[in-house]
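Me: I am new to this structure and would like a close look at a single part of it, with the surroundings brought in where they help. Please take your time over the answer.

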Amino acid sequence: MAILSHTLVVSLEKHGVASSARPLACLALLASSFLFSACSGKTARAVEKRSEGLPVTVAAVVQKTMPVNIQVIGNVEAITTIAVKALIGGELTRVHFQEGDFVKKNDVLFTIDPRPLETQVSQAEANLARDGAQLEQAQANLARDIAQERYSRAQAARYSQLVKEGVISREQYDLVDSSAVAQAAAVRADRAAIESARASAKADKAALDNAKIQLGYTTICSPIDGRTGNLMVKQGNIVKASDIDLVTINQLQPIYVTFSVPESQLLAVKRYMAEGKLSVVASPEDSAADQETGVLTFVDNNVDMTTGTIKLKGTFTNSDRKLWPGQFVRVALRLFSETNAIVVPTRAVQTGQDGQFVFVVKPDMSVELRPVTPGVRVDQETVIQKGLAAGETVVTEGQLRLAPGAKVRILKGSDEKT
């Protein structure tokens, strides 16, 4: 610093600067020299940085088989929803499950007080036994009266012969004949009594069966495998027949995913359905990795005129219960797979005034703006129908700072083998 100050003083003396003004002049020269040095350093670093190239992230253009999908948003729908109701009235004496439990078919859900109906069953059984006894009695009476009728007819036949021979009077014959007629009437009455007893027994049997059915309604079982919802009536309450829903059960395995596609896609869906079953992939909105694969099983019979779409359903086994009724999911209906497709990451494709393009990195590390024709997009990849070849390298990040011919520097972590 002392040498620099001495040099400045000598220089000022040569230029005839007065000694009183020399301190200010020295300070001005020193400041100018520092500014020039700093600017020179920044310019040199900028030139050096430009010579290294603009930092970018790149990926390789690959050729592979790509599935062609129709991607929409759908919602999960239970195949079967059961609203459980009571078929008889009474006190709800027991609930056999907890809200939200998974239940199996025929698992007991509720018990209604069975005692009143057990009494009705006992009464119907007693009535049936009584009618059975009456039927047996009527049958015994019939057998007795048939025997008496047979005897009376035989006796009447003998008296008829005796009347002809003049052995007995006509009055005696009429008395015997009347007895035979009365016995025949008694037989007919016995047969009618038997039919009446049988009818009564049949009615009592029906009443008994009905009482047993009603008694069976006191135990309410699950009609399907599924998950229970909110319990609407608690234990100890009085329920009425077919009044309110006690609980709702949704079947979760298998399960539907319902979605709609534009009517313009209907012909393609029908064409590929004719060739075989179409796969449907569903994933929750918040977890794209949790995918479930099902099969397209339903195409609606009309197009919704208000939206121009048609409803479809996929059936999923849902073995892990990832899909839940009412849930919104991302749906991909796979139509076919395109072989030998040219594929790039979707983020490499940019949109400009003249259409869509990508920046291609050439061997000399300069970039070329290449117009492309994109095809279908699957997840984070896009099929390029025209404009690229397998093995080329495209820029995936940093395009905003690029211009055709600009030099680039590939950052570490670039996926050049994608």
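Is aspartate 245 buried, partly exposed or exposed?

Reply: This is a predicted model, and within it aspartate 245 is partly exposed, because its relative accessible area is 28%, a value between the 20% below which a residue counts as buried and the 50% above which it counts as exposed. Aspartate 245 forms a salt bridge with lysine 85, and the closest N and O atoms of the two are 2.7 Å apart. This pair links distant parts of the chain, since aspartate 245 sits in the loop between β9 (238–239) and β10 (247–250), while lysine 85 sits in the loop between β3 (81–84) and β4 (90–95), 160 residues apart. Lysine 85 is likewise to be read as partly exposed, because its relative accessibility is 36%.

The strands beside these loops lead on to a sheet. An open sheet of 4 strands runs in the order β3-β10-β8-β5, with antiparallel pairing, and its edge strands are β3 and β5 (102–103), each of which pairs on one side only. Strands of a sheet pair through backbone hydrogen bonds, in either a parallel or an antiparallel sense. At the β5 end of this sheet, β5 and strand β8 (residues 226–228) pair in the antiparallel sense over 2 bridges, and valine 103 has glycine 226 in β8 as its bridge partner.

Lysine 85 also takes part in the surroundings of another residue, isoleucine 220, which lies in strand β7 (residues 219–221). Isoleucine 220 counts as buried, because its relative accessibility is 8%, under the 20% cut-off for that word. Leaving aside neighbours within four places in sequence, the residues in contact with isoleucine 220 are Val84, Lys85, Ala86, Asp107, Val108, Leu109, Phe110, Ile112 and Leu246. One of these partners, isoleucine 112, is 108 residues away along the chain, yet its C-alpha atom and that of isoleucine 220 are separated by 8.1 Å.

Other salt bridges can be followed in the way used for aspartate 245 and lysine 85, and the count for the model comes to 15. Lysine 64 forms one with glutamate 381, with 3.0 Å between the closest N and O atoms; because lysine 64 lies in strand β2 and glutamate 381 in strand β20 (residues 381–386), the pair ties together parts that are 317 residues apart in sequence. Lysine 64 counts as partly exposed, with a relative accessibility of 32%. The side chains of arginine 330 and glutamate 285 also meet in a salt bridge, at 3.4 Å from N to O, and this pair links arginine 330 in strand β15 to glutamate 285 in the loop between β12 (279–284) and β13, 45 residues apart. Arginine 330 is partly exposed at a relative accessible area of 43%, and glutamate 285 is partly exposed at 38% relative accessibility. Elsewhere, Arg130, Asp131 and Asp204 are linked in a network of salt bridges.

Strand β2, which holds lysine 64, is also the place of isoleucine 70. Isoleucine 70 is buried, with a relative accessible area of 8%. Beyond its neighbours within four places in sequence, isoleucine 70 is in contact with Val261, Gln265, Val269, Val331, Ala332, Leu333 and Leu335, and the C-alpha atom of valine 261, 191 residues away along the chain, is separated from that of isoleucine 70 by 7.8 Å.

Val269 brings helix α5 into the picture, for in α5 (residues 266–275) Leu266, Ala268, Val269 and Tyr272 are buried. These buried residues lie on the same side of α5, because they cover an arc of only 160 degrees around the axis. What covers them includes β2 (62–78), β11 (255–262), β13 (292–299), β14 (309–316) and β15 (328–345), whereas the face of α5 turned away from the buried side carries the exposed residues Leu267 and Ala274. Just after α5, glycine 276 takes a positive phi of about 160 degrees.

For the wider setting, the protein has 5 helices and 22 strands, and buried residues make up 34% of its 418 residues. Among contacts between residues at least 6 apart in sequence, 76% join residues at least 24 apart.

Conventions: Residues are numbered from 1 along each chain as its sequence is written. This is a predicted model: local features need pLDDT of at least 70, side-chain atom pairs count only at pLDDT 80 or more; totals for chains, interfaces and linings use all residues. Side-chain values use heavy atoms; hydrogens and water are left out. Buried means under 20% relative accessible area, exposed over 50%, partly exposed in between (1.4 Å probe, protein chains only). Contact means heavy atoms within 4.5 Å. The arc is that of the directions from the helix axis to the C-beta atoms. A salt bridge is a side-chain nitrogen of Lys or Arg within 4 Å of a carboxyl oxygen of Asp or Glu. Two strands pair if DSSP finds at least two bridges between them.
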